[in-house]
Each structure stands twice: as structure tokens, then as C-alpha cells.
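Got your viewer open? Load the model, switch to a cartoon view, and we'll take a walk through it together.

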Amino acid sequence: MGDHKEQPLRVGAAVRRRRRTLELTLAVVAERSGLSVPFLSQVENERARPSKPSLERIADALRTTAVELLAAADPACSVDVVRADTEVIAPTESSTRSLVRGHHQLHAMEFIGDHDEGREVQHRNDELMYVADGAVEVEAEGRAHRLGRGDTLYLTGGVRHRWRATVPDTRVIVVAVADHIEALEDRHRRGA
């Protein structure tokens, strides 16, 4: 009662909607992502669940982020409880779990274990990284920042960065203003 529907996220529908919005074929997304057309078709039809790296490749091909695709996977609820045992993207040594479902102004993700350190990301709006357990190293604006349990790092929108866990069983919470929000433009208008 009060919980969002007890079903796994339907990320395939979000992938299909985004692809169609951009007027792309499966073949174009396959070429951009390096994934096969049959696999992408299975994802869109909810017959296959992409791993975290595959979802990131799909998101890159669709000029969005995995967080945005996950957020668009479920309709927004004004009150929603996400239980601790909520299914992750793909159960592996490293996993990702959305802490907020639906299309909201904020996104929150929990990253557990290792993270793809070679993947540089840049988000349109501000984000906050909190190390719940373990330790990470974040490279942003040419500097390395070492964070331990309880530390936070704030990144202004537009800052290119990458991060990696430096100890096993690291757990990181990332909260970000959604990319569809015009916060960056609003900030520039206020400063002008």
C-alpha cells in the first residue's frame, strides 16, 4: 500500500520512446552503440535486460544518460517508496539501482562495487556524489579527488568527470538534477 507497482522497471519502453523521438532506426542505434539490432529489439520488447555497460552504450547512442532512461522507464508518482530489495539493472559484482522511479526533477542512483572508471560523463545540471561505504577517486577538471565513507562531492552542471571505486564493496549515492530541467540556463540568466 503506498508502494509503487511491484514490477521491474520497463526500460525497453523508455529506450523505444527515446529512439522514436529522435527518429532513429534500430540499425542506427546498433551502429552507434556497437550492440546488435536483434539485442536492441529484445531490449525494446522487454525480452532482454541490458547490463549496466550495455545500457550506458544505448544511452550514449540515444544522446542521453542511463539515469534518464531509467527515470523514463516508469511513470512518476507523487509519493513512492523504493524498497531496499528493488531489482538492480543487472546483478553482477557491480550494480546500479535507481532510488527514484519515474520522470522527476531529481534522479538518484546507488552504485555498488566497481564502476567503469574509463567512462567520462558530463551532465547538463548539478549533481552530488555521496560515498555511503568504501572509497572512490573522482577526476574532474584535471584534478583527482579522493573520497572516503561519508564524504560528498558537488559537481556543477557541465563538468566532465569520471570516477572509480578504490576499495571493494564501495557504495556511492549520486543525486542529480534531471537533464530535462533547464536549471543551467536559469543560473546563467540570474548571473547576467
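How many helices and strands make up the secondary structure of the protein chain? Colour by secondary structure and count: there are six helices and eight strands. Keep in mind that you are looking at a predicted model.

**Stop 1: the whole chain**

Now trace the chain along its sequence. You pass five helices in a row, then eight strands, and then one more helix, giving the pattern α-α-α-α-α-β-β-β-β-β-β-β-β-α.

Next, turn on the surface. The accessible surface of the protein chain is about 10,500 Å², and 50% of that belongs to carbon and sulfur atoms. Of the 192 residues, 44% count as buried. Here's another number to think about while you rotate the model: among contacts with a separation of 6 or more, 67% are between residues 24 or more positions apart.

**Stop 2: Asp133 and its partners**

Time for side chains. The count of salt bridges comes to nine, and we'll visit some of them.

Select Asp133 and Arg149 and show them as sticks. They form a salt bridge, with the closest N and O atoms 3.2 Å apart. Where does each partner sit? Asp133 is in strand S3 (residues 127-133), while Arg149 is in the loop between strand S5 (143-148) and strand S6 (152-155). The two residues are 16 residues apart, so this pair links distant parts of the chain.Are they buried or exposed? Arg149 counts as exposed, because its relative accessibility is 64%, and Asp133 counts as partly exposed at 26%.

Keep Asp133 on screen and add Arg171. Their side chains also meet in a salt bridge, at 3.3 Å from N to O. This pair links distant parts of the chain too: Asp133 is in strand S3 and Arg171 is in strand S8 (residues 171-177), 38 residues apart. Arg171 is partly exposed, with a relative accessible area of 29%.

Now add Glu110 to the selection. Glu110, Asp133, Arg149 and Arg171 are linked in a network of salt bridges.

**Stop 3: Glu137 and Arg146**

For the last stop, select Glu137 and Arg146. Their side chains meet in a salt bridge, with an N to O distance of 2.3 Å. Which of these partners is buried, and which is exposed? Flip the surface back on and check: Glu137 is buried, with a relative accessible area of 18%, whereas Arg146 is exposed, at 66%.

Note on methods:
Residues are numbered from 1 along each chain as its sequence is written. This is a predicted model: local features need pLDDT of at least 70, side-chain atom pairs count only at pLDDT 80 or more; totals for chains, interfaces and linings use all residues. Side-chain values use heavy atoms; hydrogens and water are left out. Helices (H or I, at least four residues) and strands (E, at least two) are DSSP runs, numbered from the N terminus. Buried means under 20% relative accessible area, exposed over 50%, partly exposed in between (1.4 Å probe, protein chains only). Contact means heavy atoms within 4.5 Å. Accessible areas come from the Shrake-Rupley method with a 1.4 Å probe; for residues, only the protein chains shown count as cover. A salt bridge is a side-chain nitrogen of Lys or Arg within 4 Å of a carboxyl oxygen of Asp or Glu.
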